[in-house]
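Please open the model in a viewer and keep the sequence panel visible. The tour below proceeds by selection, with a short account of what is found at each stop.

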Amino acid sequence: MKDTIIREVYRVLEDRRDNPIDSYTSNIMKDDKKRGEDKILEKVGEEAAEVIIASKNDENLVYESVDLIFHTLLLLVYKGIDIDDIFDEFARRQK
Ligand SMILES: N=c1c2ncn([C@@H]3O[C@H](COP(=O)(O)OP(=O)(O)OP(=O)(O)O)[C@@H](O)[C@H]3O)c2ncn1[C@@H]1O[C@H](COP(=O)(O)O)[C@@H](O)[C@H]1O
């Protein structure tokens, strides 16, 4: 179950994009075209900085990393990337 969670979250995010409801991810994605992207990119930047601080302080690293991964997934969904393209790219790099 746990190893399918990324696919499940991705599927929910695609649904939030395609069938908007009043929720955090729908609202950020349905925002006026450029502003929606900018807001997500801003979050990715913030979360990346929080990962750096968490690592340096040895505090909340998993929590902050999941925030960064989540907002990166949100960006990829917003940009219309198929989840299999992500897994294929990992597979392509495998030695
Ligand atoms: N995994 C997440 C997830 N992680 C973080 N967030 C939200 O992202 C927002 C911003 O995150 P922040 O870390 O900046 O939160 P913050 O409280 O502002 O700041 P800090 O505590 O980090 O300082 C918060 O509202 C979080 O709740 C998430 N919101 C949704 N999901 C998943 O996305 C799905 C769709 O979400 P909804 O659109 O809310 O239905 C859900 O079913 C979940 O699976």
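Select helix α4, residues 61-78, and draw a distance between its end C-alpha atoms. How far apart should the ends of these 18 residues be? At 1.5 Å a residue, the helix should span 26 Å, and its end C-alpha atoms are indeed 26 Å apart, so the two values agree. The model being viewed is a predicted one.

With α4 still selected, colour its buried residues: E64, H71, L73, L74, L75, V77 and Y78. These buried residues pack against three helices, namely α1, α2 (24-30) and α3 (33-57). Moving past the end of the helix, select G80, which follows α4 and has a positive phi, near 80°.

**The whole chain**

Zoom out to the full model. The protein has five helices and zero strands, and the order of its elements from the N terminus is α-α-α-α-α. Its C-alpha trace spans about 40 × 30 × 25 Å along the principal axes. Of the 95 residues, 25% count as buried. Among contacts between residues at least 6 apart in sequence, 57% join residues at least 24 apart.

**Helices α1 and α5**

Two packed helices are described by the angle between their axes and the distance between the axes. Select α1 (residues 5-18) together with α5 (residues 83-93): the two pack at an angle of about 150°, and their axes are 11 Å apart. Because of that angle, α1 is roughly antiparallel to α5. Which residues make the contact? On the α1 side, show I6, R7 and Y10; on the α5 side, show I83, D84, I86 and F87. By class, this contact comprises five nonpolar and two charged residues, with no polar residue.

**The loop between α1 and α2**

Next, select I21, which is placed in the loop between α1 and α2. I21 has a relative accessible area of 40% and is therefore partly exposed. Apart from neighbours within four places in sequence, the contacts of I21 are with R16, S26, N27 and K30.

**Salt bridges**

Side chains of opposite charge can pair when their charged atoms come close. How many salt bridges does a search of the whole structure find? The search finds eight, and the following stops include some of them.

Begin with E37 and K79, which form a salt bridge whose closest N and O atoms are 3.0 Å apart. This pair links distant parts of the chain, since E37 belongs to helix α3 and K79 to the loop between α4 and α5, 42 residues apart. Are the two partners buried or exposed? E37 is buried, its relative accessible area being 14%, whereas K79, at 47%, counts as partly exposed.

Now move along α3 to K43 and E47. Their side chains meet in a salt bridge with an N to O distance of 3.6 Å. Both residues lie in helix α3, four residues apart, or about one turn of the helix. An α-helix has 3.6 residues a turn, so residues three or four places apart point the same way. K43 is partly exposed, with 22% relative accessible area, while E47 counts as buried at 4%. Add E46 to the selection: K43, E46 and E47 are linked in a network of salt bridges.

Keep E47 selected and display its surroundings. Not counting residues up to four places away in sequence, E47 touches E64, D67, L68 and H71. Two of the residues touched by E47, E64 and H71, were coloured earlier among the buried residues of α4.

Finally, go to helix α5 and select E89 and R93, whose side chains meet in a salt bridge at 3.1 Å, N to O. E89 and R93 are four residues apart in α5 and so are separated by about one helical turn. E89 counts as partly exposed at 28% relative accessibility, and R93 is exposed, with a relative accessible area of 57%.

Technical notes. Residues numbered from 1 in each chain as written. Predicted model: local features only at pLDDT ≥ 70, side-chain atom pairs only at ≥ 80, totals over all residues. Heavy atoms only, no water. Axes fitted to C-alpha atoms, helices over the stretch in contact; angles between N-to-C directions. Parallel < 35°, antiparallel > 145°, perpendicular 65-115°, else oblique. Contact = heavy atoms within 4.5 Å. Nonpolar A, V, L, I, M, F, W, Y, C, P; charged D, E, K, R; others polar. Expected span 1.5 Å × (residues − 1). Buried < 20%, exposed > 50% of the residue type's maximum accessible area, 1.4 Å probe, protein only. Salt bridge = Lys/Arg side-chain N within 4 Å of Asp/Glu carboxyl O.
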